Amino acid sequence: MSQTDTNKPNETKEMELGKFGKFLKDNGIDSTRKDDSINVETIVISVKDLEPALRLLKTSSETKLNMLLTISGVDYTDRIDSIYHLWSYDHNDALVIKVELPKQSQANTDTVNLTSIANFWSAANWHERETYDLVGIRYLRHPYLRRILNPWDWEGHPLRRDYKQLVDALNDKNPHSFR
Amino acid sequence: MSTNLETTNLKTDEMIINMGPQHPATHGVLRLILKLDGEIVRHVEPVIGHLHRAQEWQGQNRTLFQYQALIDRVDYLSGMFTSLAFAHACEQIDGCQIPPRAQYLRALVCEMNRISSHLLWLGTFLIDLGALFGFPFYPFREREKLLDLFEEIAGQRMMFNYIRIGGVQRDPKPSWFEKVRKFTAEFPDRIDEYEAIVTQNPIVLKRTKGVGILDKSVAMDYGVTGPSIRGSGINYDLRKTRPYGIYPELNFEIPLGQNQGDTWDRYMCRILEMRQSNNLINQCLDKMPEGEISGKKQIAGLRIKAGEGFSAIESPRGVLGCYVISNGSDKAYRIRWRNPSFCNLAVLPSLLIGRPISDIMAIFGSIDVILPDVDR
Amino acid sequence: MSELLNNDLNSTDLARENAALISPELADTVTLTSIDKAINMLSQIVSPIANLARSNSVWPLTFGTSCCAIEMMCVGMSAFDISRFGSEVFRATPRQADLIITAGTITRKMASALITLYEQLPEPKYVIAMGACTITGGMFNDSYSVVQGVDRIIPVDVYLPGCPPRPEAILDALLKLQQKIRTENYAKRRVQAYQQRPVCYVDYDCGRPLEDLLAMAMEDTSLALDQK
Amino acid sequence: MLANSAELFKFTRLTLIWLTLIFGSVWGACFIVGVLLPTLLLRACDNEIFALLAQICQYLTPLIAILVFIPINAMFMVLVERRGLALFTVRMGPNRVGPDGLLQTAADAVKLLFKEDIIPTGADAWLFTLAPIIFFAPSIFGSIPLLAAITGNNDLFAITNLPTGIFFIIAASSVPVVGIVMGGWASNNKYSLVGGLRSAAQAISYEIPLVLSLVTICYLNQSLNVVEIASRQTGGFLNWNIFGGGALNGLDKYLNALINGSSNANDILQAYYPSNQWILTVIAIAGLVVSTIIAFFMYITAACAEVNRIPFDLPEAESELVSGYNTEYSGIKFAIFFLAEFTNLFIVSSIATIMFLGAGNNPIPQFLIDYLFKNVTFIPQTINAITQALSPLINQIHLINPITFWSVVWMIVKTYSLVFFAVLVRGTLPRFKIDQLMDFGWKRLIPLSLLVFFIVIFAKGVINTNV
């Protein structure tokens, strides 16, 4: 079922750079901060900066954000966000990195493309596969980018807002029967 | 396919064997595609998603109040924890206050649930090791007692729907606390009983010591959490490192693996964790304050403020995270689960390669994977 | 056996509306041997005894997908003890089981596996649809990936509602099934059984895609050649 | 156990009823074929052909006894296992079918008979069908020499008294593995294949300690004849092969003489264990007793592995290989596998009883009875009186002479104790891994069995002159 644009969460204002934003800026990576998550620094970085930024944050002894909690994809109808939650095994800091991928700019409107980080971060492997499966972000240079939860010959990406549910003999009741 | 393979000069001494989705050792519907050289595993390809019930999709298509009932099924063995993670995330966004009694009740039922989850793990782990009769009946005996207690407060044996946004569902009677006390009083003896049968058993020792060694760096690279990583000696427990709820007020220890992080360590960690949980239940009972049990009215049109929040708690299997993006309506805009089993399962292939078939069961059992937690 | 199928397809009253003919690649997995034929004849005489015996030894398959599977485990444990009814022999292989308790949600990805399992069970075979998910899809009724009721893919004998049902309810369902077995005509059932085919249109390929397997094989080959 | 005493009582009751059923039916079959039919034939017409037929009938009796005994016994053992495991885990076990669940396994057997008989695609139909038969047949033929030992060398079963009985049994018991490998290969299933191959490896490695431990006993008794080995163990548990096979013979006689107040007690002791080399004698006796006890446990272990019981049930490891070699078997063929498995368990248990535990001989030594009833003479007198009163009656019933009767009774008690022990082990231990199994077999059991064999040879040499 499609949601109207009015249901979209409000965009928030940009804020000053936090600890990790400054650290990234020192290393030549630009980012903008958004105050979205509760009490957690949230930064938005561009597509090309993603891989170096994550490499840096993972390995640098200053940050040591060596725990990739999850990679989530969120469909905001006009763009798709790939969101990385970074924690650390050693200390209490946390960071949320968002990469905004506008749908229009992509040549192929079905999927949007992004660099994979699975090559240097094993935890990302399955998360990226899952995000590809459900939201439809195509992670380039992923070692094995196949659907993971749905059958591999599934059509469409279910967590897209415009996803039309398959109706066949296995699943033919009113899709909105409970709502 | 066969013709293609025949024309090429394939090695003939490797066998591709398909384990699952229906296989007694895969705890449900995991499928492992194994490439075997004799009995030695050369390649593992886990195929998951046979139980993909679209929990995240349901999350953005149902109202929050409806969805609360569904999330027990994310991880059916620890329904309290999934409820708690979701409630935490929503409360962070909403900013509502949780009364102290509700906090204590949450910690109490969560620790009870941790015990019941570990007990079931113990039973199935022993079944995996080949003890089909005898052992597994002992943990289940205690688990039934816990389920009876849960049934008394939540009305259901497994799908509790007890922890709600803003508090808990209902206040237990005083007699219930007495029953819990009775349980905790006798439970350490029961653990001794399990240990007497299992811990000293030479065959169990032979099959678990030095099997499935999870290296620290590998574990951290894969984002493994919970008893699986504590078995490797990394002291990472959210109840200590990022305390939530009333855990800062409670006194407990985090058991760690003593050896190199093998199956045995993971087994021992869980056994010790049960003892700690029993301790925590007693502390919660002692400190239980009087008062309200919910800071938010439980109505069908339950709403939270707009915003996004990520909460993570220490479930029996590791870090269970819930990422909620709300737009202020009665439905969440996006719900994303960070499931411990999903991340822990990803490390399985690296543990299995080079081991014989029999070790698959021991290692897989010791990681304690729950399939709906993987597939959602 | 195909003759048997074709002749009796119209006469049977148990045939499902969407019963498909057995597909050629499955046709010879189920073979009537001469022993079977002899037993067929014999069974018409001894049907009552056979029914009594069969109803009292229903061996379930260890098949469980989710929450209900845990309750299915509990029913074998000391507190509920399914062994009283002679059903504690949970067989891991479908060839030796009589009953599938479809414990837990069946998704589209799992559906083909379930059909295979049902095909592999030897006649007479029974299905208990356990839990709301397998009866209608339950709480996940409207999910894109969930089969709305297991009776859409295999015939069901006993419906057991609940989410999950209590272990006592499983025992009750077992007793209901035993009643059902006692009242049926064994010989007739065997003739009709082949019409109780599952629908065969669940064709999701759930494993590793074929091209990946071929690529792997090619890779291995090239590696082996390099070593030479 | 106390909490479950009601179940224990029911279990015992069930066992007694079943045993009566089994041996009643076996006796009935033997009586009809071995006594009634020949008598009738001879009475009907007194010519050569009928005499020959009567002779053939009598020769067939052992086979009939086995064919009647094996299925009923296997059903009973399955029930014992299920009820026994239930007993250990505070459950009830099957108790709905028939009184006390008496007919549960009969219902299972009938059901399996009526199940569809599947031959999977790609399976080798001939081998697939042949495999259960090859698995089952050796247990019939292998158990033939046991009959004479079990029945105390009854006339009807004397034909089965082979001079190389134990050799025959060992030869027969190594055949079933061919059936397993055959079934595993023919099933066209990879799990079955792995199970079959595991079974082959396991059988090869555990055959050796099994045979070596039996050879030790054969050496001690200087015979391959099971009847003779059984008859050498008369007179109480001190004479059993598990305690040195006659090494404590002198002690038994000494104690007997001592308690009866016989004056030549010390002479007996002196004759058996000469005092001029007493250190060597004591060491030899101790070595012999310890070695034979070790040999017994080695036999039990190896036999468990031979019949694929937990903790050695790798060929059908349920949590690993689904159901191992019988994964693809259904219906009647699976029933035969099931039957043969339990029959094999029974046979290895009865071999253990005959070879180590004194066969059908009374385990209570005479001196113990004398000692206990020294002052209370009326108890043995009453027993004697009752026995004497009953013996004509027992003799009246054909086939059952008192020797056979008591021999069978003691065999049942001892063999089913071992079977129950196997059930207990099943309810207790997890499974080995295949490499540990091989390791245990080749590196521990075989050297140990060789060592035991050598010790027995030397110790026997030392005390050979006296025993």
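## Helix α10 of chain D and what follows it

In this predicted model, helix α10 of chain D has several residues tucked away from solvent: Asn249(D), Gly250(D), Asp252(D), Tyr254(D), Ala257(D) and Ile259(D) are buried. Just past the end of α10(D), Gly261(D) adopts a positive phi of about 75°.

A little further on comes Asn264(D), which sits in the loop linking α10 (249-259) to α11 (265-272) of chain D. Is Asn264(D) buried, partly exposed or exposed? With a relative accessible area of 32%, Asn264(D) is partly exposed, because that class covers values between 20% and 50%. Looking back to the helix, the C-alpha atom of Asn264(D) is separated by 8.7 Å from that of Tyr254(D), and the two residues are ten apart along the chain.

## A pocket between two domains of chain D

Chain D also contributes to the second largest pocket, which holds about 780 Å³ of space. Where does this pocket lie with respect to domain 1 and domain 2 of chain D? Domain 1 (1-111) and domain 2 (115-466) both give residues to the lining, so the pocket lies between them.

The lining comprises 33 residues, and those nearest the centre are Phe23(D), Val26(D), Ile150(D), Val408(D) and Ile412(D). By class, 24 of the lining residues are nonpolar and nine are polar, with no charged residues. Five helices of chain D each bring at least two residues to the lining: α1 (5-44), α2 (48-88), α5 (144-150), α13 (331-355) and α16 (402-426).

Helix α2 of chain D is also home to Thr61(D). This residue is buried, with a relative accessible area of 0%. Leaving aside residues up to four places away in sequence, Thr61(D) touches Cys30(D), Val33(D), Gly34(D), Leu156(D) and Phe157(D).

## An enclosed space in chain D

Turning from pockets to cavities, the structure holds twelve of 30 Å³ or more. The second largest cavity has about 320 Å³ of space. Of the 27 residues that line this cavity, Ser173(D), Pro176(D), Glu306(D), Val307(D) and Asn344(D) are the closest to its centre.

Which helices of chain D each supply at least two residues of this cavity's lining? They are α4 (125-142), α6 (165-173), α7 (176-186), α8 (190-221), α12 (278-306) and α13. The lining of the second largest cavity has 17 nonpolar, eight polar and two charged residues. Helix α13 of chain D also appears among the helices that line the second largest pocket.

## Backbone geometry worth a look

Two alanines deserve a moment with the Ramachandran plot. Ala359(D) has a phi near 45°, a positive value in a residue other than glycine. Ala359(D) is placed in the loop between α13 and α14 (366-372) of chain D, and at 1% relative accessibility it counts as buried.

In chain B, Ala54(B) likewise has a positive phi, near 60°, in a residue other than glycine. The loop that holds Ala54(B) runs between β3 (40-47) and α2 (55-61) of chain B. Ala54(B) is buried too, at 0% relative accessibility.

Chain C offers a feature of another kind: the peptide bond from Cys163(C) to Pro164(C) is cis, with omega near -10°. Pro164(C) lies in the loop between β3 (158-160) and α7 (167-183) of chain C.

## Chain B as a whole

Chain B has 16 helices and eight strands. Its radius of gyration is 21 Å, close to the 21 Å that the globule rule gives for 376 residues, so chain B is as compact as a globular protein of that length. Along the principal axes, the C-alpha trace of chain B spans about 70 × 50 × 35 Å.

What share of the residues of chain B count as buried? The figure is 71% of the 376 residues. Among the contacts in chain B with a separation of 6 or more, 71% are between residues 24 or more positions apart.

## Chain C as a whole

Nine helices and three strands make up the secondary structure of chain C. Reading from the N terminus, the order of elements is α-α-α-α-β-α-β-α-β-α-α-α.

Of the 228 residues in chain C, 63% are buried. For contacts in chain C between residues at least 6 apart in sequence, 81% join residues at least 24 apart.

Note on methods
Residues numbered from 1 in each chain as written. Chains lettered and ligands numbered in written order. Predicted model: local features only at pLDDT ≥ 70, side-chain atom pairs only at ≥ 80, totals over all residues. Heavy atoms only, no water. 1 Å grid on protein atoms, 1.4 Å probe; cavity = no way out; pocket = protein on both sides within 12 Å on 5 of 7 lines; lining within 4 Å. Points joined across faces, edges and corners; volume = space filled by probe spheres on them. Helix = DSSP H or I, 4+ residues; strand = E, 2+ residues; numbered from the N terminus. Nonpolar A, V, L, I, M, F, W, Y, C, P; charged D, E, K, R; others polar. Domains from an automatic or database assignment. Rg over C-alpha atoms; globule rule 2.2 N^0.38 Å. Buried < 20%, exposed > 50% of the residue type's maximum accessible area, 1.4 Å probe, protein only. Contact = heavy atoms within 4.5 Å.
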